[in-house]
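Reader: Could you take me on a close look at the largest nonpolar core of this protein, and at a few residues elsewhere in the chain? I would enjoy one connected account.

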Amino acid sequence: MTHPAEMEFDPVKLIRMMAGNGHNALIGARYHNHGESWCELAIPYDERLASDAKSGIMASGPILTMMDMATSISIWLKTGRFQPQATLDLRVDYLRPAMPGQTIIGRGECYGLTRSIAFVRGFAHDGDPGRPVAHVAGTYMFTAGA
């Protein structure tokens, strides 16, 4: 039997599986796009995710959750395999509120690897990548054998 870490990593299958569970199901995260070392996820607008009903602006928590998942997946894409890891640090700079009613798209990229650490960055936008809602930067530690 093939160990999951030895199988080719398929982000579409993973996201489809994760989208139906836990907080990913609650925020409605779904696959958007990916490349060799990056992944894009999307959260369709849902008024239940608004920071308050009056403004309709999406709360920061769902955006952080999506960016944590997008940057995690970018690591697995860069390495070509799933491996256990822990978020050491994920800094989020919120630049502006997301526009009410808009789908939020988050792009995470793994730009560096060492034997035990992965370095990531990314951004979230609500339709115009040139006008981001948030930037993220972080590090993850591989936990297999730790």
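Author: Happy to, and let me begin with the whole chain. The protein has three helices and six strands, and the model you see is a predicted one. Starting at the N terminus, the elements follow the order α-α-β-β-α-β-β-β-β. A compact globule of 146 residues would have a radius of gyration near 15 Å, and the protein agrees with that because its own value is 15 Å. Along the principal axes, the C-alpha trace spans about 50 × 30 × 25 Å. Among contacts with a separation of 6 or more, 62% join residues that are 24 or more positions apart.

Now for the inside and the outside. Buried residues account for 42% of the 146 residues. The exposed surface comes to about 7900 Å², with 54% of it supplied by carbon and sulfur atoms. As for charge, there are 13 positive and 14 negative side chains, and the centres of these two sets lie 1 Å apart.

Here is the part you asked about. The largest nonpolar core holds 30 residues, and those touching the most other members are Leu41, Ile63, Met66, Ile73, Ile75 and Ile104. At least two core residues come from each of α1 (11–19), β2 (38–43), α3 (60–79), β4 (104–113), β5 (117–125) and β6 (134–142). The largest share belongs to α3, which gives nine residues.

Ile104 is a good place to pause. Setting aside residues up to four places away in sequence, Ile104 touches Leu41, Ala42 and Ile43, then Met58, Ile63 and Met66, and also Ala98, Ala124, His125 and Asp126. Leu41, Ile63 and Met66 in that set are also among the core members that touch the most others.

From there, let us move to Ala134, which sits in strand β6. Ala134 counts as buried because its relative accessibility is 1%, and the cut-off for buried is under 20%. Beyond its neighbours within four places in sequence, Ala134 is in contact with Val92, Asp93, Tyr94 and Leu95 on one stretch of sequence, and with Gly122, Phe123 and Ala124 on another. Met18 is 116 residues from Ala134 in sequence, and their C-alpha atoms are 23 Å apart.

Pro132 belongs to the loop between β5 and β6. With a relative accessible area of 16%, Pro132 is buried. Not counting residues up to four places away in sequence, Pro132 touches Leu95, Arg96, Phe123, Ala124 and His125. Leu95, Phe123 and Ala124 are also contacts of Ala134. The C-alpha atoms of Pro132 and Gly28 are separated by 20 Å, with their positions 104 residues apart along the chain.

Another loop residue worth a look is Ser37, placed between β1 (30–34) and β2. Ser37 is buried, since its relative accessible area is 16%. Apart from residues up to four places away in sequence, Ser37 touches Ser74, Leu77 and Lys78, together with Gly108, Glu109 and Cys110.

Cys110 leads us to a last stop, Thr79, which is found in helix α3. The C-alpha atoms of Thr79 and Cys110 are separated by 9.4 Å, although the two are 31 residues apart along the chain. Thr79 counts as partly exposed because its relative accessibility is 27%. The same helix, α3, supplies the largest share of the core.

Note on methods: Residues are numbered from 1 along each chain as its sequence is written. This is a predicted model: local features need pLDDT of at least 70, side-chain atom pairs count only at pLDDT 80 or more; totals for chains, interfaces and linings use all residues. Side-chain values use heavy atoms; hydrogens and water are left out. Helices (H or I, at least four residues) and strands (E, at least two) are DSSP runs, numbered from the N terminus. The radius of gyration is taken over C-alpha atoms; the globule rule is 2.2 Å times the number of residues to the power 0.38. Buried means under 20% relative accessible area, exposed over 50%, partly exposed in between (1.4 Å probe, protein chains only). Contact means heavy atoms within 4.5 Å. Accessible areas come from the Shrake-Rupley method with a 1.4 Å probe; for residues, only the protein chains shown count as cover. Lys and Arg count as positive and Asp and Glu as negative; His and the chain ends are not counted. The place of a charge is taken as NZ of Lys, CZ of Arg, CG of Asp or CD of Glu. A nonpolar core is a set of buried Ala, Val, Leu, Ile, Met, Phe, Trp, Tyr and Cys residues joined through side-chain atoms within 4.5 Å.
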